[in-house]
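Here are a few exercises to work through with the model open beside you. Try each task before you read its solution.

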Amino acid sequence: MRTVKWIIILTLAVTASSCKEFLTVQPVDRLTGNNFYLSKGDVEANVANMYSMFFEKINESWVIGAIGETRSGEVFASPGANSYSARRVVEFLGNNDMLSVISSGTPWDWYNYINVTDWKRYYQVIQTANILISKLEEGIPGLSETDKSRYIAEATFMRCFTYFWMVRLYGDVVYYTDPYHAEELAREPMVSVLNKCLEDLRPHKDALPWQFPDPALKGARASRGSIIALLMHMNMWNAGFDRNRREQYYAEVAALGTELIQQGPYRLYPLTEDGWATVMKGRSDESLFEFYRSINYQDANAALSPFGDHFLRWPYKFPRFNNQISHCYFIDTYMAKLYPAGLADKRADFWFDDMLSNSGQFTAVKFGFNVYASGNEDRNPDNTFMIFRYADAILLHAEALAELSRDTEAIASLNLIRNRAEATPYTGTGGQELRDFIFWERCRELFGEGHRYFDLVRTQRIMNPTFARNPLNSDQYNRRAWTWPLNPSARINNPKVVLNEYWLNFR
Amino acid sequence: MNNMKALFTLLTAVVLLSQGHVARAQTNITVTGHVIDENRQPFGGVTVLTGRPLRALTSTDDNGNFRVSVPANAVLVFRIVGYNERSQNVGSGRTVLNIQLAPLDNQLEEVVIRGYQKRSKELSTGSSFGLSGDDVQDVPTANIEQLLQGRVPGMNTQITTGAPGFRGSTQIRGLSTVSMTGSGNQSFLQPTSPLYVIDGIPMDADRATEYGFQQQGPGISPLSLIPQEDIASIEILKDAQATSLYGSMAAYGVIIITTKRGNSPIPRVRYTHNSFIRTPPKLRETLGGNLERQLKLQQIYGNAMSVNDIWDISSTPFLSDSLNAYWNNSTNWQDYYYRTQYNQSHNLHIDGGDQLFNYKANLGYFSDQGIIRNTGFTRYNANLRMEYQPEDRRFQIIGAVTGQLGQQSVGDGIGMLQTGVASNGLSSTLLPPPSFYQAGGSHSSVLATDNDNATRLIRANLEGSYEFIQGLRASTSVSYEYESKTEDTFTPAVANNQFAEVYSYNGRTTQLYNRNSLNYSATFNDNHNLFINFFNEFRIAGRQSAVTRNERSPNDQLQGPLGYDGYFSRGGGLLDDYTDERAASFALAASYDFNKRYVVDLSYRLDGSSANGFENLYARNPAIGLRWNFDKEPFLEGLEWLDYGAIRLSWGVNIIPTGTLERIYGRFDITGNYNGQQGIGLDFDQIPNPGLQPKTNTQYNAGLDFSLFNSRVEVIYDTYFKKVENELFEQFLPNTTGFNKIFSNGAGIANYGHELFVMFRPLNLDSDFNLTFSVNGAYNKDVLLSLPDHYSGQFIRWDFDVNQYNQHVILRVGGATLANYLYVNEGVFATDADVPVDPVTGLRYQTNGQAFQAGDPMIQDANNDYYLTTEDYQRTGNSQPLFTGGASIMLNYKNFGFNLNGSFTGKRTILNNALAQRLGLMGNPFGNRVVVPLNDVDMWRQPGDQATYPYVYDYKRYGAIRPVRFDQTLWAEDGTYFKINSIVLSYMFERDLVRQWGLDNLRVYISGENLHTFSRFTGPNPENVTTMGRDVSEGYPVPRTYNVGLNIGF
């Protein structure tokens, strides 16, 4: 009897106490959203995940080369290169025959270019950024105000950068910034998308430092320089398509460029072996934004993905037995136009071997630094994936100034680049000549860095055979032949999405 | 262990206490008497009580006699569990009493259980139905749910599988979900089983099927572990008023099972034995040997398009080389897999004690070796229970221990599905005997795979209660359950490409359960009765499982120890089903009645669960019930013919949380690596949905109960409306969201219907004949109320599976919830001229580049484009039955008994895939599959034939036309059936006779189960189909059972 009474009293006492604690079980076997975002460490881990997801997209094939360098038709496969028939995909890219590029059953199946047409991963980066921003705004324990606004700026940068990247690939894209977005939306005109991105990103520019105290973050993580470079790029793109308001866009680029050059801690390295190797390795003072890669971190780069992979041969690329010649080469007429004979330019000598050979002897030594492989190791040089470089921003600055007819300032910026290359400074006139020269200077300086094709498109020079070996006609341009086909999977569960008009045969 | 220790300590104490108890007797007059039961047999063990409060005086002996000394004006009360209590005045000098006790069959005096409290049925406002333990005896079964089929109005039980140890499907009041798993023939509805409450302990009967049918571990249903011999009563709660007190888990109804307790002053031993034979149903007829060869050759000659097709015969040796002994067999492969099986069950029941202290032990063995070779189920159980209650009934303590072991083999199938058996059974009869290089691998796999699954369950339960003051009682109950589940599969080399494989699964689940309640009952002014019950429940459930899989064990003799080669270790380790779940619930119920005439029930329950997410821990379940016992109205009281009559009304809500932490907050994985920093990011399978609402079941019920002419006619009628809102809907997302799917609310279903139970006892109660006839039926209609906005009222669950079943399901708002989405078949083109011609192109109606011609199926061209494509699919049929019910006849004459039970299911669409597959066997005469006689099939054979089924022998056009494609309404048949579930014939030996043999009683019986199904369905069995109404020929057929059994009492 007493035992029972005792049991009853005890159970009533237990009942009376709070149940909240009893019901709160932290899952030990999985990490759910309610016990994540609880510390600075969680935020850092989430940011790392966001960068790595984006990197996955440029690592899934020979992406930088395909999207930014080959589509105007100057690249050819070297006869006798290993997997020659597969390498010929560069010629299909050069003919803008994108349907063949992505179709299966071709010798270049294993390039998997079909993946480039799928934008899902980009939206996963955007969702991650959106959710992270909303969590940061809700407040994360132990995070100072400075850190909070810094992380918000960094996530906003990644969001806008992803939209910018997608706009250049697909044209109009679906745009949203709310977390846990689950509704289907139609594609939004790209000019409006970039305008929204500009508006989104501008306020966060000053929340990021010019440089981090930790040198390991230099270039590898978004800094103020990264935001400025992205703002400049987005303005320049819109200036090309929203022609009525182009003065405004150029003005903003000019202002941003001036701020970057005058206040920024960035510098151009001398074009020496040491200097250039440092730039290509990454985390340098010349890097505004890059996806830093290092064999020391066991970063898994796909063998195909670096741009240099196709233009290097032994001893820059290993193993020796099947890398006696480069997979591809740039045609001599183009190279001669780029670096005219007789005009001093250290880049022509320092960055290339057999530049005019029209064969597998062509070597882009520019990407041949930081070679750590030997013997039969199958490895590319350990370079970073450079996205925005200081030189790129300086040339954009020059381009915007030239468009605004502020020729003197434009030439000053332009000559910053030429001087570093120990090339003859520009002394010509202003106007169209200067503008064209700046365009060619961008091609020279940013060779292989994934800018040329987008420069051709946004300046409409893609329709001009002087600048592009395989130009588009204006009808093709207006129907956006410069985009990639959009994967039809975008239409699944979303009837509002319309695929890219020019590539309608893509099913 | 602590629980066990405490239990034994308490039991010892209880036993000691009872030793000190001495019945005091007064010495006024001596009364003797004789008590008999309803069969006029002496009734031993009946407690005789007297006084106020009641005290037990004695119990009747084995011959039903008693002798007591009581005051002259005393009232004697005779009491035994399961029978009406009877009181008899001793006054006027009666010293010899003859008492007959009647079993509890008057519904109103039954006791029902509500919110774990016993209540008089007369006062219950909800809709429920009771069965006694006797209803589930005499037919041996592993799963008692099968025996409830057709007994309970509104409960739809379908024995969808004959696999021993598995269970079919049970739904109370229609459809409660739109979630489906699997594809093709293996599409199943997510099970929505009622909550089982066994002796006050809730048990989730769905847990074995939680992960669909792909789950790992033994799929032994927890219901298969309950021995039928130990069941005293079963009660099924249907409406929300009755179930809401059981909370979220009870949203699909509650089945309360009470096991037997001891009740005999001298220990009784009862032994039950069944010997039964299970026989497979009629197998598919096949053409053997030369007949097969001739048919295939005729088919080729008759349908070849060029001489090359004829030449192909010479490169197909089993067709051309009839003289070669190697190709000259005639083997019906089905015979290798199906068998008639003899089984046994034994059950020993020991009980003793009286109201003060009683105990029972039930020891059982049940074996069902399966009609498919290499499958089977065996159960061992030991249930013990002890109860102590002094006669003032202020204090009560109950202890129980249950140990159950279920052992099962599923061969190389997964129990319900026996794909290996099904496909091997279709092998050509001409093929040589099983060998390494022929039917070999899969044939050996079916027969030689060594599969041993076991579920071992131990549960200890301790319950105590105490009445503080008159009417106020507190009670508490604690139980702990530990279940260990293992599966060991050894696939010998011969069955697995020359290398043996070992697979082993090891899992456990635990549940700690505690309930505390406080209830108060009082009567004011003799008219107003009040009952208040407050209780809370706590539950901690845990689960963990792991697997090991190793390929290429050195030989067939070495099944372990494992770990010989890391390279061939094929994964293993912990599975992702780890669970640590806590639940806490609080419930308050109040019941008021005025003179037992007007009853009001109010209840409210809060359910908290750790799975709900931390912001919204509690789900709230309110309910209201009203009852009017109109027979107690003064103006009706004089009616002799009205035994009782009542009208019930109820409303209640059951809320089922569907939000898991993962669904609400998302899941983060350690993935990605950037700049030397480990990344952690979202899992992009499902998007977190912070606004996820719990599923809500709202139910209205109105009922009418009455009994006429001294229980000759009893009627229970219910009508209800049940609305399921916020049904969890797996919605697939556009890829611009980055995620695959979202779990959203949006979907809703309504069910409404009627349930009727009628019982007649046409014969005079005093006659030697005793006939009870009962029939029950339910009509349930379900309607899809809503879908997530996104879908504009229609959602098609496309099902393009590899086997080309393509039997899609369409959900359309406003219609029956689960309809098929198929081509509409309108017959067969009798002649080529019947094929429509496109007036624009002049081409005949075509598909896959092949024009239709005579003998092809006439499939409706819904969009009139003269081309058969997926756009011609149409909504058709309803896979859920509209009518369910059953009937039973019970006839007793003296010691003979006859009992027949039947059940019916009406108006549902079944897709006869079995027939489609049978006809499809003819598609390729060069293939290595068997052929079947089609004489009985109304098939097109020559131009002009008006036939039901298309011509299947045209093998050259077969691939393009696919005449017997699964996705057409040709296979949609009405699945209405009436089944004779069981017939029992029994004989009870005269007690005087068996006494001479030293027995207390002896009863023998023969019974049969699943004896005959009346149906127009042309497939094998209209019940042996999936919950989505597809006839699975890979399924496990439901056997027929013949049984001889006996009960012996010592």
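**Exercise 1.** Find the residue that forms a salt bridge with B:Arg605, then work out whether each of the two is buried or exposed.

*Solution.* Start with the partner: B:Arg605 pairs up with B:Asp607, and their closest N and O atoms sit 2.9 Å apart. That fits the cut-off, since a salt bridge needs a side-chain nitrogen of Lys or Arg within 4 Å of a carboxyl oxygen of Asp or Glu. Next, check accessibility, where buried means under 20% relative accessible area, exposed over 50%, and partly exposed in between (1.4 Å probe, protein chains only). B:Arg605 comes out at 4%, so B:Arg605 is buried. B:Asp607 has 7%, so B:Asp607 is buried too.

A word on the ground rules: this is a predicted model, so local features need pLDDT of at least 70 and side-chain atom pairs pLDDT 80 or more, while totals for chains, interfaces and linings use all residues. Residues are numbered from 1 along each chain as its sequence is written, chains are lettered from A and ligands numbered from 1 in the order written, and side-chain values use heavy atoms, leaving out hydrogens and water.

**Exercise 2.** Do the same for B:Glu662 and B:Arg667, whose side chains meet in a salt bridge.

*Solution.* The N to O distance here is 3.6 Å. B:Glu662 has 17% relative accessibility, so B:Glu662 counts as buried. B:Arg667 has 25%, so B:Arg667 counts as partly exposed.

**Exercise 3.** Which residues are linked with A:Arg347 in a network of salt bridges?

*Solution.* Begin with A:Asp345, whose side chain meets that of A:Arg347 at 2.9 Å, N to O. Both A:Arg347 and A:Asp345 are buried. Then widen the view: the network also takes in A:Glu286, A:Lys366, A:Arg389, A:Arg418, A:Arg420, A:Glu441, A:Arg444, A:Glu445 and A:Glu449. Over all chains, the structure holds 83 salt bridges.

**Exercise 4.** Trace the open sheet that contains β1(A), and say which strands stand at its edges.

*Solution.* First, the order: three strands run β1(A)-β33(B)-β34(B), with antiparallel pairing. Strands are DSSP runs of E, at least two residues long, and helices are runs of H or I, at least four, both numbered from the N terminus; two strands pair if DSSP finds at least two bridges between them. The edges are β1 (31-32) of chain A and β34 (677-682) of chain B; each has a single partner strand, so one side of each lacks a neighbour in the sheet. Finally, look between the chains: β1(A) and β33 (residues 667-674) of chain B pair over two bridges, and A:Leu31 has B:Phe668 as its bridge partner.
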